[in-house]
Amino acid sequence: KPGINDTFRDPDPQEFLGKFEVESREVFARRKEIVAACEIQPGQTVADIGAGTGLFTRLFADTVGKDGRVIAVDIAQKFLDHIQKTTREAGQRNVETVLCKADSTELPPGSVDVAFICDTYHHFEFPLKTMASLHRALKPGGRVILVDFRRVEGTSTDWVMNHVRAGQEVFEAEIAQSGFKKSHEERELLKENYFVVF
C-alpha cells in the first residue's frame, strides 16, 4: 500500500514511545519471553529490522554482551537518533544504526547472525527486494525471526484487518520466495501475534 509508512517519514519518538512501549501491546508485555525464544548467543550480531523506538535493540544489546553487536535498522533517522542516544545513556556501546531504504535493509553482505522483524514486515513496501537484501546480509546458518499480527477474518480486530495487508501464510510464502526456509514456529508464545523462525 503506497503511503503506509508516511507516519514514519518524520516521526516524533516520544509520541511513539506511548504507542510501542506500553503494557497493552502484546510484544511489549511479553518482551522478555520473546527475547528468550530468539535464542541469541553472546557475541552474535543481531539486526533489529524496523527498530522503531529501540525496545528490542536495548534488550538484544544486553543479550549479545560486549563482544556482540546489535544493528538497529530503520527507515526513520529520528528513530535511529533516539536509539543512539538512549543506548549510549544506558552504557550500551555495542549498538550501531543503519538507515535503510524502502527496498533494502542496506546491511553489508554476510554480517548478521540473527535478523529480528517485529510488527514491521507488514510495513515493507517492497517485501521481496527487502528480504533479498536481508538474505545477502545473513551469515551462513543465519536466522530470521518474524513476529507479526495474526490476520484472521472474524477473529482479528478491525484495525489489524485494515492495517495489515495479509496473513501469516502470505508473508511466509514471500519470505520462502526470497530464499529462506521455515525452521519452526513458537505456537504458545503469543496470542495476537505469531513467532516464526526461518
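**Exercise 1. The surroundings of Thr-45**

Leaving aside neighbours within four places in sequence, determine which residues Thr-45 is in contact with, where contact means heavy atoms within 4.5 Å.

*Solution.* Thr-45 is in contact with Arg-69, Ile-71, Ser-111, Val-112, Asp-113, Val-114 and Lys-139. This is a predicted model, in which local features need pLDDT of at least 70 and side-chain atom pairs count only at pLDDT 80 or more, while totals for chains, interfaces and linings use all residues. Residues are numbered from 1 along each chain as its sequence is written, and side-chain values use heavy atoms, with hydrogens and water left out.

Next, place the residue: Thr-45 belongs to strand β1. Helices (H or I, at least four residues) and strands (E, at least two) are DSSP runs, numbered from the N terminus. With a relative accessibility of 6%, Thr-45 counts as buried; buried means under 20% relative accessible area, exposed over 50%, and partly exposed in between (1.4 Å probe, protein chains only).

Finally, examine the side chain: that of Thr-45 makes a polar contact with the side chain of Arg-69 at 3.5 Å. A polar contact is a pair of N or O atoms within 3.5 Å; within protein, one must be able to donate a hydrogen and the other to accept it, and residues adjacent in sequence count only if both atoms are side-chain atoms.

**Exercise 2. Asn-94 and the end of helix α4**

Identify the backbone oxygen that the side chain of Asn-94 reaches.

*Solution.* Begin with location: Asn-94 is in the loop between α5 (77–89) and β3. Asn-94 counts as buried at 11% relative accessibility.

Then list the contacts. Beyond neighbours within four places in sequence, Asn-94 touches Ala-61, Val-64, Gly-65, Lys-66, Gly-68, Arg-69 and Val-70. The backbone oxygen in question is that of Gly-65, at 2.9 Å. Gly-65 follows α4 and has a positive phi, near 75°.

Within α4 (residues 55–64), the buried residues are Leu-55, Phe-56, Thr-57, Phe-60, Ala-61 and Val-64.

**Exercise 3. The sheet and strand β7**

Establish the strand order of the open sheet of seven strands, then describe the surroundings of β7 (residues 193–197).

*Solution.* The order is β3-β2-β1-β4-β5-β7-β6, with mixed pairing. The edge strands, β3 (95–99) and β6 (184–185), each pair on one side only. Two strands pair if DSSP finds at least two bridges between them.

On one side, β7 pairs with β6 in the antiparallel sense over two bridges. Here Glu-185 has Val-196 as its bridge partner, and His-184 stands opposite Val-197. β7 also pairs with β5, again antiparallel, over five bridges; one partnership joins Val-147 to Phe-195.

Now consider the side chains. In a regular strand they alternate between the two faces of the sheet. From β7, Asn-193, Phe-195 and Val-197 point one way, and Tyr-194 and Val-196 the other. Five of the five residues of β7 are buried.

Two helices complete the description. Helix α8 (residues 168–177) lies across β5, β6 and β7, at about 25° to β7. Helix α6 (residues 127–137) lies across β1 (45–49), β4 (112–118) and β5 (138–149), at about 140° to β5. The axes are lines fitted to C-alpha atoms, for helices over the stretch in contact, and angles run from 0 to 180 degrees between N-to-C directions.

**Exercise 4. Aromatic pairs**

Classify the ring pair of Phe-60 and Phe-116, and then that of Tyr-121 and Phe-171.

*Solution.* Rings of Phe, Tyr and Trp (its six-membered ring) pair if their centres lie within 6.5 Å; planes under 30 degrees apart count as stacked, over 60 as edge-to-face and the rest as tilted. A search of the whole structure finds six aromatic pairs.

For Phe-60 and Phe-116, the centres are 5.0 Å apart and the planes stand at 85°, so the pair is edge-to-face. Phe-60 lies in helix α4 and Phe-116 in strand β4, so the pair ties together parts that are 56 residues apart in sequence. Phe-60 is buried, at 0% relative accessible area, and Phe-116 is buried at 0% relative accessibility.

For Tyr-121 and Phe-171, the centres are 4.7 Å apart and the planes stand at 55°, so the pair is tilted. Tyr-121 is in the loop between β4 and α6 and Phe-171 in helix α8, 50 residues apart.

As a last step, look for a cluster: ring pairs link Phe-56, Phe-60 and Phe-116 into one.
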